[in-house]
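This briefing is for a reader meeting the structure for the first time. Please look at the sequence and the structure below before reading on.

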Amino acid sequence: MVNTGKSIEIPVGDAVLGRIINIFGEPQDGRGEIKTDERRTIVSRDVSFDDVIPASEVFVTGIKAIDFFSPLLKGGKVGLFGGAGVGKTILLTEIIHNVVILNKDKNVSVFTGVGERSREGQELYESLDESNVLSSVSLIYGLMGENPAVRFRTALIGATIAEHFRDEEKKNVLFFIDNIFRYAQAGHELSTLMNTIPSEGGYQATLASEMANFQERLVSNTSGSISSFEAVYVPADDITDYAVQSIFPYFDSTVVLSREIYQEGRFPAIDLLSSTSSGLSIDIVGDSHYHTVINAQNLLKKGIITGPVHS
């Protein structure tokens, strides 16, 4: 092992599209070396607040429970919250199908697997390949069997590749991560190994700043947009868990999956009353297939919904 005196640098650009890499930029798909001179450090460069563009356009997923009760915003962030086995990855995969596969020529996509099962990663890879969209998707995997240092940095690698496509290639990026809770969990494991004094809930004292540094890299600016879709594991179905609560403030839309609804056999098992979106309180217009204004006041006036509407 040689100390280069520099932070980790990974290959970026078109060369990583259609490929699976690890945190060192090494290919994991058996398809040979990634040949490119474009490399980028995983250390973030701050985005000026003057350049940040707020989300204002709707993504149509075709999943009615999401499109009506928790519409997703282009250039925004959506969190899929749920405990073990309630369908987070399945729902995320369905969104990938409807947003990426059915609009294969419009966007470039980055999928980051943080601390998840190798089986799920393989199935996604095969699905994208069969749908002929693998050439526009970059995949970064840090599986649950890896040590926490690898899992922690996997999320940063994904953000780095997304930033390059946004800033240098001037493209609109769809960023998928499964699972962002594992990023917080890996940081907790690292802090334990370093004997750091824990903070609230037993988590590392740096959790809030680590999450902020990651989430604030995934923003839209004048160069391009990053639309973030993040699965969030809820340990023991406790939505008040400190790691889960540290993620909540960054989302424009939240989709909460319920174990009770799942056990009733209703899929997707979305808790409609707990799910929400900032798109329900501002006027936003989607693409040519979705020109309906999602403003709740307008829905009330049209008689589509009844009862008091609070701003």
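Pro268 is placed in the loop between α8 and β12. The peptide bond that leads into Pro268 from Phe267 is cis, with omega near -5 degrees. The model is predicted, and the points below go through its loops, its strands and a helix, and its salt bridges.

**The loop between α8 and β12**

- Besides Pro268, this loop holds Leu272, and the elements on either side of the loop are α8 (259-263) and β12 (276-277).
- Leu272 has a relative accessible area of 33%, so it counts as partly exposed.
- Together with Phe68 and Phe69, Leu272 makes a nonpolar surface patch of about 240 Å².

**Backbone features in other loops**

- A cis peptide bond also runs from Asp178 to Asn179, with omega near 25 degrees.
- Asn179 belongs to the loop between β9 (173-178) and α5.
- Ala236 is not a glycine, yet its phi is positive, at about 55 degrees.
- Ala236 sits in the loop between β10 and α7 (242-247), and with a relative accessible area of 74% it is exposed.
- Asp237, also not a glycine, has a positive phi of about 55 degrees.
- The loop between β10 and α7 is the place of Asp237 too, but Asp237 counts as partly exposed, at 40% relative accessibility.

**Strand β8 and its neighbours**

- How many of the 6 residues of strand β8 (residues 137-142) are buried? The count is 6 of the 6, so the strand is largely enclosed by the rest of the structure.
- In a regular strand, side chains alternate between the two faces of the sheet.
- In β8, Val137, Leu139 and Tyr141 point one way, while Ser138, Ile140 and Gly142 point the other way. Residues on both sides are buried.
- Strand β2 (residues 20-21) pairs with β8 in the parallel sense, over 2 bridges. Within this pairing, Ile21 has Ile140 of β8 as its bridge partner.
- Strand β7 (residues 108-114) also runs parallel to β8, and 6 bridges join the two. Leu139 in β8 has Phe111 standing opposite.
- β7 and β8 form a right-handed β-α-β unit with helix α3 (residues 118-130).

**Helix α2**

- Helix α2 covers residues 88-99, which makes 12 residues.
- From first C-alpha to last, α2 reaches 16 Å, close to the 16 Å expected at 1.5 Å a residue.
- Buried residues in α2 are Lys88, Thr89, Leu91, Leu92, Ile95, Ile96, Asn98 and Val99.

**Salt bridges**

- Side chains of opposite charge can pair when their charged atoms come close.
- Over the whole structure, a search finds 13 salt bridges.
- One of them joins Arg151 to Glu189, with the closest N and O atoms 2.8 Å apart. Arg151 lies in helix α4 (residues 148-167) and Glu189 in helix α5 (residues 180-193), so this pair ties together parts that are 38 residues apart in sequence.
- Is each partner buried or partly exposed? Arg151 is buried, with a relative accessible area of 7%, whereas Glu189 is partly exposed, at 26%.
- Another salt bridge is formed by the side chains of Glu163 and Arg217, at 2.8 Å from N to O. This pair links distant parts of the chain, since Glu163 is in helix α4 and Arg217 is in the loop between α6 (207-215) and β10 (226-233), 54 residues apart.
- Glu163 is buried, with a relative accessible area of 1%, and Arg217 counts as buried at 4% relative accessibility.
- One network, joined by salt bridges that share partners, takes in Glu116, Arg117, Arg119, Glu120, Glu123 and Arg182.
- Within that network, Arg117 forms a salt bridge with Glu116, and their closest N and O atoms are 3.9 Å apart.
- Glu116 has a relative accessible area of 8% and is buried, while Arg117, at 41% relative accessibility, counts as partly exposed.

Notes
Residues are numbered from 1 along each chain as its sequence is written. This is a predicted model: local features need pLDDT of at least 70, side-chain atom pairs count only at pLDDT 80 or more; totals for chains, interfaces and linings use all residues. Side-chain values use heavy atoms; hydrogens and water are left out. Patches are made of residues with over 30% relative accessible area and no salt bridge: like charges are joined within 9 Å, nonpolar side chains (Val, Leu, Ile, Met, Phe, Trp, Tyr) within 5 Å. Accessible areas come from the Shrake-Rupley method with a 1.4 Å probe; for residues, only the protein chains shown count as cover. A salt bridge is a side-chain nitrogen of Lys or Arg within 4 Å of a carboxyl oxygen of Asp or Glu. Helices (H or I, at least four residues) and strands (E, at least two) are DSSP runs, numbered from the N terminus. Buried means under 20% relative accessible area, exposed over 50%, partly exposed in between (1.4 Å probe, protein chains only). The expected span of a helix is 1.5 Å times one less than its number of residues. Two strands pair if DSSP finds at least two bridges between them. A crossover is right-handed if, with the strands pointing away from the viewer, the path from the first strand over the helix to the second runs clockwise.
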